[in-house]
Amino acid sequence: FCLSIVHTLAGYRMENVFALNFLFTFAFLGLLFCAVRPFLGATAGFAAMLFAAAFPVFSLCATSGGFDLFSLLFFGVSLAALYAFLREPSSDGFSFLFMTLAFYSYTRYESGAVLLALLALAAYWKLLKPEYMKPSWLYFAAPLMFLPMLWQRFAVKLVEDSNYPTAFALY
């Protein structure tokens, strides 16, 4: 999704995916610094950034064209939203947490389990109160985000079925 926006704004080029991962790298390192600094200080925040940047898999993902770093960034944003909601529960905090988890589950197919697991844990620990779930357009728009995924899976299923010559055949 983000890459298609970059392609729309900058034109289709193979380099766009690397530029996007470059931005995600610095966004994640900045998020890591902001997460560590309040607890351990600025020096520990810089050390956490250096440790993360020195980790071979992180640098491999940062210099590749994959979406693993984007998933890691949204995992960090989701954890930060969860921490903020647990510290000060509110309906706006829950809405932000729900949408970050929904976006995170959109980044990788197995990330949807995190959304379901955290909502189940929150319900089990009785952290969800009716006043946090006041009607919001975000809750109604969230299922619409998953329609392209369903369309894609339906199209792939049609292609894999030998009875259909193409994914969008009319006969």
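Student: Which residue forms a salt bridge with R13?
Tutor: A salt bridge needs a side-chain nitrogen of Lys or Arg within 4 Å of a carboxyl oxygen of Asp or Glu. Here the closest N and O atoms are 3.8 Å apart. The partner of R13 is E15.

Student: What kind of model is this?
Tutor: Residues are numbered from 1 along each chain as its sequence is written, and side-chain values use heavy atoms, with hydrogens and water left out. Local features need pLDDT of at least 70, side-chain atom pairs count only at pLDDT 80 or more, and totals for chains, interfaces and linings use all residues, since this is a model that is predicted.

Student: How many salt bridges does a search of the whole structure find?
Tutor: Side chains of opposite charge can pair when their charged atoms come close. The pair of E15 and R13 fits that picture. The search of the whole structure finds one.

Student: Is R13 buried, exposed or partly exposed?
Tutor: Look at the relative accessible area, taken with a 1.4 Å probe and protein chains only: buried is under 20%, exposed is over 50%, and partly exposed is in between. R13 has 42%. Therefore R13 is partly exposed.

Student: How many helices are in the chain?
Tutor: Helices (H or I, at least four residues) and strands (E, at least two) are DSSP runs, numbered from the N terminus. The chain has zero strands. From the N terminus on, its elements run α-α-α-α-α-α-α-α-α. The count of helices is nine.

Student: What percentage of the 171 residues of the chain count as buried?
Tutor: S71 is one clear case, as it counts as buried at 7% relative accessibility. T43 is exposed, with a relative accessible area of 69%. Over the 171 residues, the buried share is 31%.

Student: How many aromatic pairs does the structure hold?
Tutor: Rings of Phe, Tyr and Trp (its six-membered ring) pair if their centres lie within 6.5 Å. Planes under 30 degrees apart count as stacked, over 60 as edge-to-face, and the rest as tilted. The number of pairs in this structure is 10.

Student: Is the pair of F24 and F70 stacked, edge-to-face or tilted?
Tutor: The centres of F24 and F70 lie 4.8 Å apart. Their planes meet at 40°. The pair is tilted.

Student: How many residues apart are F24 and F70?
Tutor: This pair links distant parts of the chain. F24 sits in helix α2 (residues 16-40), and F70 in helix α5 (residues 68-87). Both rings count as buried, F24 at 12% relative accessibility and F70 at 17%. Their separation is 46 residues.

Student: What is the angle between the planes of F70 and F74?
Tutor: F70 and F74 are four residues apart in helix α5, about one turn of the helix. F74 is buried too, at 19% relative accessible area. The rings are 5.1 Å apart, centre to centre, and they pair edge-to-face. The angle is 70°.

Student: Which residue joins F24, F70 and F74 in a cluster?
Tutor: F24 pairs with F70. F70 also pairs with F74. Ring pairs bring one further residue into the cluster, F103.

Student: At what angle do the axes of α2 and α5 cross?
Tutor: Axes are lines fitted to C-alpha atoms, for helices over the stretch in contact, and angles run from 0 to 180 degrees between N-to-C directions. The two axes come within 9 Å. They cross at roughly 30°.

Student: Are α2 and α5 roughly parallel or roughly antiparallel?
Tutor: Under 35 degrees counts as roughly parallel, over 145 as roughly antiparallel, 65 to 115 as roughly perpendicular, and the rest as oblique. The angle of about 30° makes α2 and α5 roughly parallel.

Student: Is the crossing of α5 and α6 left-handed or right-handed?
Tutor: The axes of α5 and helix α6 (residues 91-107) cross at roughly 160°, so these helices are roughly antiparallel. A crossing is left-handed if the near helix is turned anticlockwise from the far one by less than a right angle, and right-handed if clockwise. This crossing is left-handed.

Student: Which residues of α7 make the contact with α6?
Tutor: The axes of α6 and helix α7 (residues 112-124) lie 7 Å apart, at an angle of about 150°. That makes the two roughly antiparallel. Contact means heavy atoms within 4.5 Å. On the α7 side the residues are G112, V114, L115, L118 and L119.
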